[in-house]
Amino acid sequence: MLYTAEQRRRRDATRWTLVQGLLAPFQFAVFLASLVLVLHSLVTHTGTAAADISVVAKTLTLYAIMITGSIWEKVVFGRWLFAPAFFWEDVFSMLVIALHTAYLAMLLSGSGTFDQRMEVALAGYAAYLVNAGQFLFKLRAARLEAQGQPAAVVA
């Protein structure tokens, strides 16, 4: 069971659930746009500034969803991060944040080539996709649980 009755009540009552529900698809849209710009710039060696700006935008949306997600977790589970129901998602989120932050550090310090920065960004994007899949899996499990079906059915 993902949520106790009280946790489900808090989840449904907090505005942070709506914030997460809005930020997640927005972040995915920013990711898709950025992915196109990054791949285009790597293939054509043009549009590098646009690619960098898009990765910064993706990173900022990631930070926003992580901060608000941590607040959501505190409200629902009483913990800022690593609540048992979302422990592995949070662990993997740390990898996603580390890779995005490494990209920012490279950009701001001027270290590495453009291609090297983009490789770090793409590694962060790959990790983001895995992490997004983890959260979608949990969302489906929560919906099945709310319908009275066991969460294990999603496996």
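In this predicted model, Y3 sits in the segment that precedes helix α1 (5-13). Its surroundings make a good starting point. With a relative accessible area of 4%, Y3 falls under the 20% limit and is therefore buried. Leaving aside residues up to four places away in sequence, Y3 is in contact with R8, R11, W72, V76, F77, F86, A142 and E145. Along the chain, Y3 and S93 are 90 residues apart, and a distance of 20 Å separates their C-alpha atoms.

S93 leads to helix α4, which covers residues 87-109. How does the length of this helix compare with expectation? At 1.5 Å a residue, its 23 residues should span 33 Å, and because the C-alpha atoms at the two ends are 33 Å apart, the model agrees with that value. Buried positions in α4 are E89, D90, S93, V96, I97, H100, Y103, L104 and M106. Among the elements that cover these buried residues are α3 (48-77) and α5 (114-146). Just after α4 comes G110, whose phi is positive, at about 75 degrees.

Attention now turns to the nonpolar interior. The largest nonpolar core holds 20 residues, and V55, L62, Y103 and M118 are the ones that touch the most other members. Helices α2, α3, α4 and α5 each contribute at least two residues to this core, with the largest share, seven residues, coming from α5. One of the well-connected members, L62, has contacts with Q27, V96, I97 and H100 when residues up to four places away in sequence are not counted; of these partners, V96, I97 and H100 are also on the list of buried residues in α4. Apart from the largest core lies another, made of 11 residues. Y3, the residue met at the outset, is among its members, as are F77, A83 and A141. F77 also appears among the contacts of Y3.

A final point of interest is T44, which belongs to helix α2 (residues 15-44). Is T44 buried, exposed or partly exposed? Its relative accessible area is 35%, and because this value lies between the 20% and 50% limits, T44 counts as partly exposed. Two polar contacts of its side chain can be described. One reaches the backbone oxygen of H40 at 2.8 Å, and the other joins the T44 side chain to the side chain of T46 at 2.6 Å.

Note on methods: Residues numbered from 1 in each chain as written. Predicted model: local features only at pLDDT ≥ 70, side-chain atom pairs only at ≥ 80, totals over all residues. Heavy atoms only, no water. Helix = DSSP H or I, 4+ residues; strand = E, 2+ residues; numbered from the N terminus. Expected span 1.5 Å × (residues − 1). Buried < 20%, exposed > 50% of the residue type's maximum accessible area, 1.4 Å probe, protein only. Contact = heavy atoms within 4.5 Å. Polar contact = N/O pair within 3.5 Å; in protein donor to acceptor, adjacent residues only side chain to side chain. Core = buried A, V, L, I, M, F, W, Y, C linked by side-chain atoms within 4.5 Å.
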